[in-house]
Amino acid sequence: MNPKMKGKERTDSNYFMSYEKVKQNIFYRVVNYEKNIGTLEGKPFLPFFDLAVTFYCLIESKEENIYSIHLTNEHLTHIGINIKTLTDWASENTPRLFPVKINTMEEALGGIVTGTKDINTSLELSESIYVITNDKGINGASCLLYQTAVKYLADQIEANLYILPSSIHEIIALRDNGNMDKAALRRMVAEVNSTQVTEEEFLSNNIYFYNREEEKILEVL
């Protein structure tokens, strides 16, 4: 990821005077739950395995920056919606506002996405390794929740997938060859996280498994 590209927060109460503008700009991000317990207080979120799905309102999107407001429970009261409506809006808007981008590891390393270079030192570079992020490269791990993103990749390569949380900005998908060493994958993710990923960008030390037949993501314990 380009180090200049960041997601910044702004506070602008006047923004919430326009119901339709807010509705069209609600989106979600995924973060590690335990490391964000403090910041989640007073804010709507949904649990997803060891992660938390958080909600934001996009204020401005530029080439190298995203300006947003982290929504609070007070915002929901002011707008007049509950978390179900919030989730529905975010599920529709996020893939539209931040379209998914899927590359092979070779293609991704052309631009060096956060974490992928170091993961590559532990995995044989091949067409079986994919980087999933969004077109901004900012908080791209949220693509994990897009209904079609992971399914699309699994259908294209006709295989189940192991998903490695590279950082909050992207995830790595590996083709399941039927002989994956899950413990080794977990150790690799933990090592990269501890040595190469900042605390701010840390997502998880767990790995996940996408079952193509069930069209479902499962946590690998």
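**Aromatic pairs, buried residues and one cavity**

User: How many aromatic pairs are there in this model, and what makes two rings a pair?

Analyst: The count comes to seven aromatic pairs in this predicted model, where rings pair if their centres lie within 6.5 Å. One of them joins Tyr33 and Phe45, with 5.9 Å centre to centre, so the cut-off of 6.5 Å is met.

User: Why is the pair of Tyr33 and Phe45 called tilted?

Analyst: The angle between the planes is 35°. Stacked would need planes under 30 degrees apart and edge-to-face over 60, so this pair falls in the remaining class, tilted.

User: Which parts does this pair tie together, and are Tyr33 and Phe45 buried or partly exposed?

Analyst: Tyr33 lies in the loop between E2 and helix H2 (37-40), while Phe45 belongs to strand E3 (residues 45-48), so the pair links parts that are twelve residues apart in sequence. Tyr33 has a relative accessibility of 35% and Phe45 a relative accessible area of 26%; buried requires under 20% and exposed over 50%, and therefore both residues count as partly exposed.

User: How do you know that Thr94 is buried, and what is in contact with it?

Analyst: The relative accessible area of Thr94, a residue of helix H4 (residues 83-97), is 1%, and because the limit for buried is under 20%, the term applies to Thr94. Beyond its neighbours within four places in sequence, Thr94 is in contact with Ile26, Phe27, Tyr28 and Tyr146.

User: What lines the largest cavity, and which strand gives the most to the lining?

Analyst: The structure holds one cavity of 30 Å³ or more, with about 60 Å³ of space in the largest cavity. Its lining includes Thr94 together with Phe27, Tyr28 and Tyr146, and strand E2 (residues 26-32) gives the most, with three residues. The lining divides into six nonpolar, four polar and one charged residue; Arg29 is among the lining residues, and Arg counts as charged. Phe27 and Phe98 also belong to the lining, and these two form one aromatic cluster with Tyr56.

User: What makes Asn139, another residue of the lining, notable in its backbone, and is Asn139 buried or exposed?

Analyst: Most residues other than glycine have a negative phi, whereas phi of Asn139 is near 55°. Asn139 sits in the loop between strand E7 (129-134) and helix H7 (149-157), and its relative accessible area of 11% is under the 20% limit, so Asn139 is buried.

User: Why is strand E10 described as largely enclosed?

Analyst: Five of the five residues of E10 (residues 207-211) are buried, so the strand is largely enclosed by the rest of the structure. Ile207, Phe209 and Asn211 point one way and Tyr208 and Tyr210 the other way, in keeping with the general rule for a regular strand, where side chains alternate between the two faces of the sheet.

User: How do you know that E10 pairs with strands E8 and E11?

Analyst: Pairing requires at least two bridges. Three bridges join strand E8 (residues 161-167) to E10, and five connect E10 with strand E11 (residues 216-220), so the requirement is met for both. Each pairing is antiparallel. Tyr210 has a partner on either side, namely Leu161 of E8 and Ile217 of E11.

User: Which residue of the hairpin of E10 and E11 takes a positive phi?

Analyst: Glu215 does, with phi near 55°, in a hairpin that has four residues between the strands. Glu215 lies in the loop between E10 and E11 and is not a glycine.

Notes. Residues are numbered from 1 along each chain as its sequence is written. This is a predicted model: local features need pLDDT of at least 70, side-chain atom pairs count only at pLDDT 80 or more; totals for chains, interfaces and linings use all residues. Side-chain values use heavy atoms; hydrogens and water are left out. Helices (H or I, at least four residues) and strands (E, at least two) are DSSP runs, numbered from the N terminus. Buried means under 20% relative accessible area, exposed over 50%, partly exposed in between (1.4 Å probe, protein chains only). Contact means heavy atoms within 4.5 Å. On a 1 Å grid over the protein atoms alone, a cavity is a set of points where a 1.4 Å probe fits but cannot get out, and a pocket is an open set with protein on both sides within 12 Å along at least five of seven lines; lining residues have an atom within 4 Å of a point. Grid points are joined across faces, edges and corners, and a volume is the space filled by probe spheres set on the points. Rings of Phe, Tyr and Trp (its six-membered ring) pair if their centres lie within 6.5 Å; planes under 30 degrees apart count as stacked, over 60 as edge-to-face and the rest as tilted.
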